[in-house]
Amino acid sequence: MAQINESTYGFAMDNAQAGQKAGLDFDHVESFAADGGIEFGLGVSLGASDDVVAASAADDETFVGVALFTHRVQQGIDESATGGEQYSTGAAYADGDAVNVLRKGRAYVEVTANVSAGEVAYVDVTTSGEEGKFTNVSTDNLATGGVFRTSADTGELAIVEVNQPN
């Protein structure tokens, strides 16, 4: 969360936000052009060509990775958020932007179901309004080949580890 002035300063800073890398260990990030708006932390799939990605929306797409957070896009602040909720809001890659996509490594993502560390991660493409977020439910959702490294409840952030081929 950006600290703009004394009225936006809080004592409960976010531990992380969707799309933020989780750690400094080895990772692999590639750039793709955005096909439509893509929120930070969403699972992305190949678009119309090999150098374009879009937020994942169907279980038959080719999963590419996680859209990483960038400081290049200014964020808004949700002043109604309380402890444990995400305070930053309103930032996304715009159509045509260069998207930083995590192909190998760990990132924070929002989950649409209660997940436990060690469970297989899927991109949720079946829950209306939640498409592109992550879940442990395999039925009709997009396989990522990744796993959850932390546990989280619905709507919270979890660390997912992905390992896509180069």
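**Reading charged pairs and nonpolar cores**

Q: As a starting point, what is the relative accessible area of E110 in this model?

A: In this model, which is predicted, E110 has a relative accessible area of 24% and is partly exposed. The reasoning is that a residue counts as buried under 20% and as exposed over 50%, so a value in between is called partly exposed.

Q: Which residue does the side chain of E110 meet in a salt bridge at 3.4 Å?

A: Side chains of opposite charge can pair when their charged atoms come close. Here the side chain of E110 meets that of K133 in a salt bridge, with 3.4 Å from N to O. The pair links distant parts of the chain, since E110 belongs to strand 9 while K133 sits in the loop between strand 10 and strand 11, 23 residues apart. K133 counts as buried, at 13% relative accessibility.

Q: How many salt bridges does the structure hold, and where in the chain do R103 and E30 lie?

A: The structure holds six salt bridges, and one of them joins the side chains of R103 and E30 at 3.2 Å, N to O. R103 lies in strand 9 and E30 in strand 1, so this pair ties together parts that are 73 residues apart in sequence. At 10% relative accessibility R103 counts as buried, whereas E30, at 27%, counts as partly exposed.

Q: Which residue forms a salt bridge with E161, and which residues are joined into one network by salt bridges that share partners?

A: E161 forms a salt bridge with R149, and their closest N and O atoms are 2.9 Å apart. This pair also links distant parts of the chain, with E161 in strand 13 and R149 in the loop between strand 12 and strand 13, twelve residues apart. E161 counts as partly exposed at 29% relative accessibility, and R149 is partly exposed too, at 48%. As for the network, E110, E130 and K133 are joined into one by salt bridges that share partners.

Q: Turning to the nonpolar residues, which ones have the most contacts inside the largest nonpolar core?

A: In soluble globular proteins, nonpolar side chains tend to be buried together. The largest nonpolar core here has 18 residues, and those with the most contacts inside it are V66, F134, F148 and V160. Strands 5, 9, 10, 12 and 13 are the elements that give two or more residues to this core. Leaving aside its neighbours within four places in sequence, V160 has contacts that include V66, A121, F134 and F148. A second, separate core has 13 residues, among them A34, F69, A91 and V101.

Notes:
Residues numbered from 1 in each chain as written. Predicted model: local features only at pLDDT ≥ 70, side-chain atom pairs only at ≥ 80, totals over all residues. Heavy atoms only, no water. Salt bridge = Lys/Arg side-chain N within 4 Å of Asp/Glu carboxyl O. Helix = DSSP H or I, 4+ residues; strand = E, 2+ residues; numbered from the N terminus. Buried < 20%, exposed > 50% of the residue type's maximum accessible area, 1.4 Å probe, protein only. Core = buried A, V, L, I, M, F, W, Y, C linked by side-chain atoms within 4.5 Å. Contact = heavy atoms within 4.5 Å.
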